[in-house]
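Open the model in a viewer and keep the sequence panel visible. The stops below go from one selection to the next.

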Amino acid sequence: MEYTPREWSGGERRQSRGFRWLALLLFLVFLLAGGLLAKNYQHLGNLLRVLVLVKTQYLHPVSTGTLVDGAMQGIVDALDDPYSVYLDARTFKQLQEQIRGSFGGLGILVGLKNNQLTVVRTYENTPAFEKGIQPGDIIVKIDQHDARGMDLETAVQFMRGPVGSQVHLVISRPGLDKPLDLTITRQEISVPTVQSRMLDQSAGIGYLAIAQFTEKTADEVEQALQKLQKAGLKALVLDLRDNPGGELRAAVHVAGFFVPPGPVVYIQYRGGQEDELKAEGQLLRLPLVVLVNGNSASAAEILAGAVQDRGTGRLVGEKTFGKGVVQTVFNLSDGAGLKLTTARYLTPGRHDINKKGIQPDVVVEQAPGAAVDRQLEKARQLLEEKLERPAA
């Protein structure tokens, strides 16, 4: 296949004039950012040339906005940081909805496990629940999009949409020979982040699970604890398994129920500055066991680490995920946003858990799909012993 180079026409010069001004502005930003122009003039020159060539020579017309979005995406991708993401207006809106805890979609919580898009939790009375989607299912395809290697934000963007619209999923499930083909109708989803019940009424052992941390979580935890206390709560299992994290301040607020006033987490920034986030609230002062596993991450690890370091409870289960960095969400113009890693966090004992995780006090492995929840049973046993009751 051949191509023929040609000179710019006058019309192309006029067409690219506005783009040149934009490129000049980018150069000035680099210059003000730290004298990069002198050291990297060849790279920056190539950047300008690529932008102009794409704008003027590419077969199909491309808007300047599309190119600028692509450039910003590329800058963030160059960080090689899985937690830093440039979010276009649509994706950013969905992230904000997730933080608020209300959105339109399917009713599943997904995460990346072995670089595969995996269902972490399915919420009752949602379209996904009614279609039989289960934790551990691997999403292979979303409509026409191959989900292998897809980042979480993009996957969520494709699965959410207008209420009443449909999405087609191809799902691989361990133990099944053939993938599942499911067509699901989206509904308005308002997912409660907290579930609770009395685990042993006679012993007064309660159970409280937090699926993720949103702006609603602290209020939901407070309401759940009040309900359990009315039912005779004397000891509590706090389940943070498969909790991918969420809103940092929400986790700190929740920690006020489980650790006394004092440090919950230390936040360390690039320049050496440090913030100390403290627990404030009504401490339960009851025997406590916290369940964790390899999918307990980020804000869930903050809470688990605070409980362990402050000595208010015991951790049972498997080593946590090990996400010890903090992302800040920045609002950009035109509704876009940037989720950028801006700090690391340390537990109250100043342990850096990033890529290390938190080792539980009592290690109990749980086979996927096992009929008996060995970790929950161990937690119950420890609380019974704490209450000076014979183990069941």
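**Stop 1: a hairpin**

Select β10 and β11, which form a hairpin with four residues between them. In the turn, pick Gly 204, whose phi is positive, at about 75 degrees. The model is a predicted one, and this applies to every stop that follows.

Now show the strands in full: β10 covers residues 194-200 and β11 covers residues 205-210. The two run antiparallel and are joined by six bridges. To check the register, select Val 194 and look across to β11, where Ile 210 stands opposite.

**Stop 2: charged pairs**

Next, display the side chains of Lys, Arg, Asp and Glu. How many salt bridges are there in the model? The count is nine.

Begin with Lys 216 and Glu 220, whose side chains form a salt bridge with an N to O distance of 3.9 Å. Lys 216 has 25% relative accessibility and therefore counts as partly exposed. Glu 220, at 16%, falls under the 20% limit and so counts as buried.

Then select Asp 200, Arg 380 and Glu 384 together; salt bridges link these residues in a network.

**Stop 3: Arg 241 and its partners**

Centre the view on Arg 241. Is this residue buried or exposed? Arg 241 is buried, with a relative accessible area of 10%.

One partner is Asp 239, joined to Arg 241 by a salt bridge of 2.9 Å, N to O. Asp 239 is also buried, its relative accessible area being 5%.

Add Asp 373 to the selection: Arg 241 forms a salt bridge with this residue too, and the closest N and O atoms are 2.9 Å apart. This pair links distant parts of the chain, with the two positions 132 residues apart in numbering. Arg 241 sits in the loop between β12 (235-239) and α9 (248-255), while Asp 373 sits in the loop between β19 (362-363) and α11 (374-386). Asp 373 counts as partly exposed because its relative accessibility is 24%.

**Stop 4: Pro 348**

Finally, move to the loop between β18 (337-346) and β19 and select Pro 348. Pro 348 counts as buried, at 13% relative accessibility.

Which residues does Pro 348 contact, leaving aside neighbours within four places in sequence? They are Pro 263, Val 264, Tyr 266, Gly 305, Ala 306, Asp 309 and Arg 310. Pick the C-alpha atoms of Pro 348 and Pro 263 to end the tour: they are separated by 5.7 Å, although the two residues are 85 residues apart along the chain.

Technical notes: Residues are numbered from 1 along each chain as its sequence is written. This is a predicted model: local features need pLDDT of at least 70, side-chain atom pairs count only at pLDDT 80 or more; totals for chains, interfaces and linings use all residues. Side-chain values use heavy atoms; hydrogens and water are left out. Two strands pair if DSSP finds at least two bridges between them. A salt bridge is a side-chain nitrogen of Lys or Arg within 4 Å of a carboxyl oxygen of Asp or Glu. Buried means under 20% relative accessible area, exposed over 50%, partly exposed in between (1.4 Å probe, protein chains only). Contact means heavy atoms within 4.5 Å.
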